[in-house]
Amino acid sequence: MTMLAAAADGLLAVTRERGLTVAVAESLTGGMLSSALVGPPGASDVVLGAVVAYATDVKSTVLGVDAALLAERGPVDADVAGQMALGAARLLGARCGIATTGVAGPGPQDGVPAGRVHVAACVDGVVRKRRLDLPGDRAEIRERAALAALELLHEIVTG
């Protein structure tokens, strides 16, 4: 079992135990996070759905991220990640939201270096965010970002 699969399995166990539901909003991970979450049997007890908001305007129009925030700071930002997590939870009716945004590379994007990632998670509207500067190639950065997002929500849920 990969680290990502093990983290998803562990998160599903604790959220199921606590009667929580999860919604996902992804950018740079492009579905990897939600795919990991729906891999284990019984995931549908917990995971309500996911939005892959790869384009910046989708973050605003679908997830409700403040357009002025996106215009001022760009999509690779802690507050954007936080609003994505909240937006996914609200949109899909989940108690928990989890989000990823960043630059997977291979090079910088709009002055943001490859490996700069923001993950966020929320439970009942309370958000926690984490900035990461991840090493590796594009695939490694995406996988590490998904893992970090799962770990962040796990930390919040388990207190």
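## A walk around the sheet, its loops and its cores

Asp124 lies in the loop between β4 and β5. Select it to get going, and keep in mind that this is a predicted model. Asp124 has a phi near 50 degrees, a positive value in a residue other than glycine. Is Asp124 buried or exposed? Neither label fits: at 48% relative accessibility, Asp124 counts as partly exposed.

**Stop 1: the strands on either side of that loop**

Colour β4, residues 116–123, and β5, residues 126–133. The two pair in the antiparallel sense, over eight bridges. For one spot on this pairing, pick His118 in β4 and look across to β5, where Arg131 stands opposite.

**Stop 2: His118**

Stay on His118 for a moment. With 7% relative accessibility, against a cut-off of 20%, His118 counts as buried. Which residues is His118 in contact with, once neighbours within four places in sequence are left aside? Show Val76, Asp77, Ala78, Ala81, Ala99, Thr100, Thr101, Arg130 and Arg131 as sticks and you have the list. Now draw a distance from the side chain of His118 to the backbone nitrogen of Ala78: that one comes out at 3.4 Å.

**Stop 3: the whole sheet**

Zoom out and turn on the cartoon. You are looking at an open sheet of five strands, ordered β2-β1-β3-β4-β5, with mixed pairing. At the edges sit β2 (47–52) and β5, each of which pairs on one side only. Ignoring direction, neighbouring strands in this sheet are turned by 10 degrees against each other on average.

**Stop 4: β3**

Next, select β3, residues 96–102. How many of its residues are buried? Seven of the seven, so β3 is largely enclosed by the rest of the structure. Both faces are covered: one side carries Cys96, Ile98, Thr100 and Gly102, the other Gly97, Ala99 and Thr101, and all of these are buried.

Then check the partners of β3. With β1 the pairing is parallel, over five bridges; there, Glu26 stands opposite Thr100 of β3. With β4 the pairing is antiparallel, over seven bridges, and Gly102 has Val117 in β4 as its bridge partner.

**Stop 5: the loop between β3 and β4**

Leave the strands and pick Pro106, which has its place in the loop between β3 and β4. Check omega here: the peptide bond from Gly105 to Pro106 is cis, with a value near 25 degrees.

Asp110 is also found in the loop between β3 and β4. Its phi is near 50 degrees, again a positive value in a residue other than glycine. Asp110 has a relative accessible area of 73%, which makes it exposed.

**Stop 6: helix α6**

Now for α6, residues 138–158. Put a distance between its end C-alpha atoms and you should read 30 Å. Why does that agree with expectation? At 1.5 Å a residue, the 21 residues of α6 should span 30 Å.

Both ends deserve a click. At the start of α6, a side-chain oxygen of Asp137 reaches to within 3.2 Å of the backbone nitrogen of Ala139. Just after the helix, Gly159 takes a positive phi of about 70 degrees.

Next, highlight the buried residues of α6: Ile141, Ala145, Ala146, Leu147, Ala148, Ala149, Leu150, Leu152, Leu153, Ile156 and Val157. What do they pack against? The answer takes in α1, β1, α2, β3, β4 and β5.

**Stop 7: the nonpolar cores**

The largest nonpolar core has 36 residues, and the members touching the most others are Val22, Leu37, Ile98, Val117, Leu150 and Leu153. At least two residues of this core come from each of α1 (3–17), β1 (22–26), α2 (32–38), β3, β4 and α6. Which element gives the most? That would be α6, with eleven residues.

For a single residue to centre on, try Leu153. Setting aside residues up to four places away in sequence, Leu153 touches Leu11, Val22, Cys96, Ile98, Ala121, Cys122 and Val123.

Last selection: another core lies apart from the largest one, with 18 residues, including Ala53, Val65, Met84 and Ala88. Give the two cores separate colours and the tour is done.

Conventions: Residues are numbered from 1 along each chain as its sequence is written. This is a predicted model: local features need pLDDT of at least 70, side-chain atom pairs count only at pLDDT 80 or more; totals for chains, interfaces and linings use all residues. Side-chain values use heavy atoms; hydrogens and water are left out. Helices (H or I, at least four residues) and strands (E, at least two) are DSSP runs, numbered from the N terminus. Buried means under 20% relative accessible area, exposed over 50%, partly exposed in between (1.4 Å probe, protein chains only). A polar contact is a pair of N or O atoms within 3.5 Å; within protein, one must be able to donate a hydrogen and the other to accept it, and residues adjacent in sequence count only if both atoms are side-chain atoms. Contact means heavy atoms within 4.5 Å. A nonpolar core is a set of buried Ala, Val, Leu, Ile, Met, Phe, Trp, Tyr and Cys residues joined through side-chain atoms within 4.5 Å. The expected span of a helix is 1.5 Å times one less than its number of residues. Two strands pair if DSSP finds at least two bridges between them. Axes are lines fitted to C-alpha atoms, for helices over the stretch in contact, and angles run from 0 to 180 degrees between N-to-C directions.
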